[in-house]
Amino acid sequence: MRITIIGATGSMSGPISPASSYLIEADGPDNNGDERSWGILLDMGPGSFGQLWRYRPPETLDAIALSHLHIDHCGDLLSMQIFRRWHPHLDLPPMPLLAPEGTVERMRGLDGFTDTDTFEGEFRHVAFESVASTRIGPMTVEAVPVWHTVPSFALRISGPGEDGHPVTVTYSGDTDLCDGLIEAARGADFFLCECGFTAADQARGVHLDGARAAEAATRAGVGRLVLTHIQPWTDPDVVTREAASWTGPFDIAQPGHTYTV
């Protein structure tokens, strides 16, 4: 599987990056048995839709998965809706939209849509609360509830690795340290973990800081820790120092970087 960082800043777009968005790709057969690249986009924060074009044509995506419905994680879904509905040369079927309950209502409220705007021509909404897992080509997406200020889910994506063996990628979404996060990350080869706070932030039930992210990675026994969702005003060196208890492979997410697992 390949993980491309589309956007990595926390709570808003920043001067060098869109807000949260991550492209997960894996090779596998289509319905005719022909090998192709399958793609799932995790979250669509502000600025992410435009940057996605640099890495994959939007019409070739196979699914979108939203960890939760805060604007910095879902705002550019409206751009995708406009693209899929109004592109003059494409006739696209509804795309699987794996997301919490209330996603369509949230989208209507963002742009003044009416109740007659169902988005059913553009998306096929699969609510995390109603399914245990969803298969997208060679990948399986599982959603695990985590601790945030609104219903939020860590996403566990399993699929073929570079050598053909099964691998797992976990994306934390937004969360504080909790049992659900450890469950979602257990044994993951790649852990893309939010770090919206530093030790200076005292509120709980919102975000992780570097120390709690490192604790989650250690307890879950992950292979690689990549910290993301760092605020534009936060020096990444601060969270790196806070995460010093983690001694395995480590990175700060940078837009445009691709990892292969």
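The radius of gyration is taken over C-alpha atoms, and the globule rule sets the expected value at 2.2 Å times the number of residues to the power 0.38. For the 261 residues of this protein, the rule gives a radius near 18 Å for a compact globule, and the protein, with 17 Å, agrees with it. The model is a predicted one, in which local features need pLDDT of at least 70 and side-chain atom pairs count only at pLDDT 80 or more, while totals for chains, interfaces and linings use all residues. Residues are numbered from 1 along each chain as its sequence is written, and side-chain values use heavy atoms, with hydrogens and water left out.

Along its principal axes, the C-alpha trace spans about 50 × 45 × 35 Å. Seven helices and 14 strands are present in the protein, where helices (H or I, at least four residues) and strands (E, at least two) are DSSP runs numbered from the N terminus. Of the 261 residues, 55% are buried, a term that stands for under 20% relative accessible area with a 1.4 Å probe and protein chains only. Among contacts (heavy atoms within 4.5 Å) with a separation of 6 or more, 62% join residues 24 or more positions apart.

Helix H3, which comprises residues 77–86, illustrates this burial in detail, since its buried residues are Leu 77, Leu 78, Met 80, Gln 81, Phe 83 and Arg 84. The elements that cover these buried residues include helices H1 (48–52), H2 (71–74) and H4 (103–111), together with strands E4 (63–65), E5 (95–99) and E6 (123–127).

Note on methods: Buried means under 20% relative accessible area, exposed over 50%, partly exposed in between (1.4 Å probe, protein chains only).
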